[in-house]
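Here are some questions and answers for a reader who is new to this structure. Please look at the structure first, then read on.

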Amino acid sequence: MFKKICLTALSAVSVFAMHSAEVNINNSDLELSARLDMGQFNENVEPETIFLGAKYLNADERHSDVRSIDDYQELNFLMQREVSSDFRLGFGAKLNHTEDFVSIPLGVEVVYKLPVTSSVPFYVGASLYAAPEVLSLDKADSFLEYRVTLEAEAIQNVFITAGYRHMDTNYERRDVEYNESLYFGLKFLF
């Protein structure tokens, strides 16, 4: 009996632990990202509190202020907590890279479930990451990224997203608006 209760409790906890994969596009940019929930791999880590992830952005010059830009890659780490049933707050760090730009920005992420009486839950989110000169390597001088998103959970664990991103990769010799664009996409939790 005790074994059944433990297995039931364990399976209920694992329902809340979610990895994610996301695809965001617009007329000329493609962004792919994935996050792994460390709570699914380590029983000492609470689910949905620590995430490791990666992101790839194939950006187009039309959304930048330079004529030629390189692809953007990043590795990221996020620790978050549920402040209330409708609000999550997280703090994180990234290691990002383009051809001759490397920085380690620190940042904050928030997600709020909108109090809309609808059969489809809506969430609004925002993130801000920055790296001053001391966290910028190679030819980098500073990094700034901010995003705002609106997500609708169309079916369980599948979200339709729309958002705005602004990314600056500032170099020692010039400032670059790497990407500023609206996008839409899909996010899957598993």
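Q: What percentage of the residues of the protein chain count as buried?
A: The model is a predicted one. A residue is buried when its relative accessible area is under 20%. Among the 190 residues of the protein chain, the share that meets this is 40%.

Q: How many helices and strands does the secondary structure of the protein chain come to?
A: Read from the N terminus, the elements run α-β-β-β-β-β-β-β-β-β-β-β-β. The count for the protein chain is one helix and 12 strands.

Q: What box do the C-alpha atoms of the protein chain fill?
A: The box is taken along the principal axes. Its dimensions are roughly 70 × 35 × 25 Å.

Q: Is L75 buried or exposed?
A: L75 belongs to strand β4, which covers residues 72–84. Exposed means a relative accessible area over 50%. L75 has 52%, so it counts as exposed.

Q: Which residues is L75 in contact with, leaving aside its neighbours within four places in sequence?
A: Contact requires heavy atoms within 4.5 Å. L52 is 23 residues from L75 along the chain, and the C-alpha atoms of the two are separated by 7.6 Å. With the sequence neighbours set aside, the contacts of L75 are G53, A54, A93, K94 and L95.

Q: How far apart in sequence are the parts that the salt bridge between E31 and R147 ties together?
A: E31 and R147 form a salt bridge in which the closest N and O atoms are 2.4 Å apart. E31 sits in strand β2 (residues 30–37) and R147 in strand β10 (residues 140–155), so the parts tied together are separated in sequence by 116 residues.

Q: Which strand holds R165, the residue that E31 also pairs with?
A: The side chains of E31 and R165 meet in a salt bridge, at 3.0 Å from N to O. Because E31 lies in strand β2, the pair ties together parts 134 residues apart in sequence, and the strand of R165 is β11 (residues 158–171).

Q: Are E31 and R165 buried or exposed?
A: Buried means under 20% relative accessible area. R147, the other partner of E31, is buried. E31 and R165 are likewise both buried.

Q: What is the relative accessibility of E74, which meets K94 in a salt bridge?
A: The side chains of K94 and E74 meet at 3.4 Å, N to O. This pair links strand β5 (residues 87–98), where K94 lies, with strand β4, where E74 lies, 20 residues apart. K94 counts as buried at 6% relative accessibility. E74 is also buried, and its value is 3%.

Q: Which residues are linked in a network of salt bridges?
A: The structure holds 11 salt bridges. The pairs of E31 with R147 and of K94 with E74 are among them. The network is made up of D29, E31, K55, E74, K94, E145, R147 and R165.

Q: What is the accessible area of the nonpolar patch on the surface?
A: V23, I25, L30, L32 and F184 form this patch. Strands β1 (20–25) and β2 each supply at least two of its residues. One of the members is L32 of strand β2, which is partly exposed at 36%. Together, the patch residues have an accessible area of about 380 Å².

Notes:
Residues numbered from 1 in each chain as written. Predicted model: local features only at pLDDT ≥ 70, side-chain atom pairs only at ≥ 80, totals over all residues. Heavy atoms only, no water. Helix = DSSP H or I, 4+ residues; strand = E, 2+ residues; numbered from the N terminus. Buried < 20%, exposed > 50% of the residue type's maximum accessible area, 1.4 Å probe, protein only. Salt bridge = Lys/Arg side-chain N within 4 Å of Asp/Glu carboxyl O. Patch = residues over 30% accessible without salt bridge, like charges linked within 9 Å, V, L, I, M, F, W, Y side chains within 5 Å. Areas by Shrake-Rupley, 256 points an atom, 1.4 Å probe, with all protein chains shown as cover.
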